[in-house]
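Below are some comments on the model you sent, set out as numbered points. They begin with one pair of strands and move on to the wider fold.

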Amino acid sequence: MRCSSNQIRQPRSRQRACAGFTLMELLIVVAIIAILLSVLLPAFSSVRDQARSLVCMNNMRALGFRFRLFADNDMNKGRGDSDVSFSPRFSAWDFQESLYKASEFWPTASSIEEGRVVYKRGKDPVLCGAVRLGLSCVAPGFSLESGRAVAPAELVGYAMNRRLVYAPYNVGSLHLAKFVTIDESILNHPDVPLFFDVDAAAAVARWGNQGPFFSAPPGREPSKYGTPSDPTPYWFPGLRHRGMMNVSFVGGHVVATKDPLCDSTWDWAFHPPFDH
């Protein structure tokens, strides 16, 4: 017996109806996707933050390596104004300017466009992986100390240990600091902190554009760098790696920490001698 065309089409239409999703089924799928995203996104965020912290630590190792070359009398390729004024010693300011290609370290290559050097993310160790926006060296001939060489200063990622350029001392109740220079013997002090993550915005708010490049914690006794109960004058740690900061040392090692002042083996109190 042959079926009519209506009899044939009817079950097909019912098959198409059965193949679709109901509103309830769609809502269940959406809910499952939302639950999965709520579980996975924090994990992805954690992995991303860990990757940025690793990039930061690698950059700090590169900074430490450059410092060791700069400090070595036989390996350095020129220390800028320090060669004229302090040789064989050098100033930490000149080392910082060599990193940022500022002042007398301004490159003379014809490829520079519009008088601006833009630091390259992933290629320049002065950039922290957790600071998303970049920096520019905006004016040839200006030093970092002038506050007009690098912008925006609020996005500077790393501070150098300020005690390597201004050593504290007390005269009675007066808390002072004296400019000092560094010699090759600093390489014999591997536990001296060299660079660390800085809260540049806080430093700029207090000291202007000169603020973020050098920072130092208070000592055990009151000094120019504050007191243990009031460590604000030059201490601007940046805890941007999930509540941790990275610290590099003269010896070349890098450590991540939540409390950079708790380890008694770190020689925060070291500074170059006054007499040189």
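**Notes on the predicted model**

1. In this predicted model, V171 stands opposite L174, the latter lying in strand β6. The two strands concerned are β5, which covers residues 166-171, and β6, which covers residues 174-179, and they pair in the antiparallel sense over six bridges. Together β5 and β6 form a hairpin with two residues between them, and within that turn G172 has a positive phi of about 60 degrees.

2. A separate point concerns the open sheet, whose five strands follow the order β8-β4-β7-β9-β10 with mixed pairing. Its edge strands are β8 (214-215) and β10 (254-257), each of which pairs on one side only. Helix α4, made of residues 92-100, packs on this sheet and touches β4 (158-161), β7 and β8, while the direction of the helix makes about 155 degrees with that of β4.

3. At the β10 end of that order, strand β9 (residues 245-249) pairs with β10 in the antiparallel sense over four bridges. One of the residue pairs to look at here is S248 and V254, since V254 in β10 is the bridge partner of S248.

4. The residue I would inspect with most care is D197, which is placed in strand β7, a strand running over residues 193-197. Is D197 buried or exposed? With a relative accessible area of 0%, D197 falls under the 20% cut-off and therefore counts as buried.

5. Which side chains make polar contacts with that of D197? The side chain of R240 is joined to it by a polar contact of 3.0 Å, and the side chain of H241 makes a polar contact with it at 3.4 Å.

6. The wider surroundings of D197, once its neighbours within four places in sequence are left aside, include C56, M60 and C128 as well as G157 and Y158. Further contacts of D197 are with F236, P237 and G238, with the R240 and H241 already mentioned, and with M245 and N246.

7. For the chain as a whole, the model has five helices and 10 strands, and buried residues make up 38% of its 276 residues. Of the contacts between residues at least 6 apart in sequence, 65% join residues at least 24 apart. The accessible surface of the protein chain comes to about 15,400 Å², and 58% of this belongs to carbon and sulfur atoms.

Terms used
Residues numbered from 1 in each chain as written. Predicted model: local features only at pLDDT ≥ 70, side-chain atom pairs only at ≥ 80, totals over all residues. Heavy atoms only, no water. Buried < 20%, exposed > 50% of the residue type's maximum accessible area, 1.4 Å probe, protein only. Polar contact = N/O pair within 3.5 Å; in protein donor to acceptor, adjacent residues only side chain to side chain. Contact = heavy atoms within 4.5 Å. Pairing = 2+ DSSP bridges. Axes fitted to C-alpha atoms, helices over the stretch in contact; angles between N-to-C directions. Areas by Shrake-Rupley, 256 points an atom, 1.4 Å probe, with all protein chains shown as cover.
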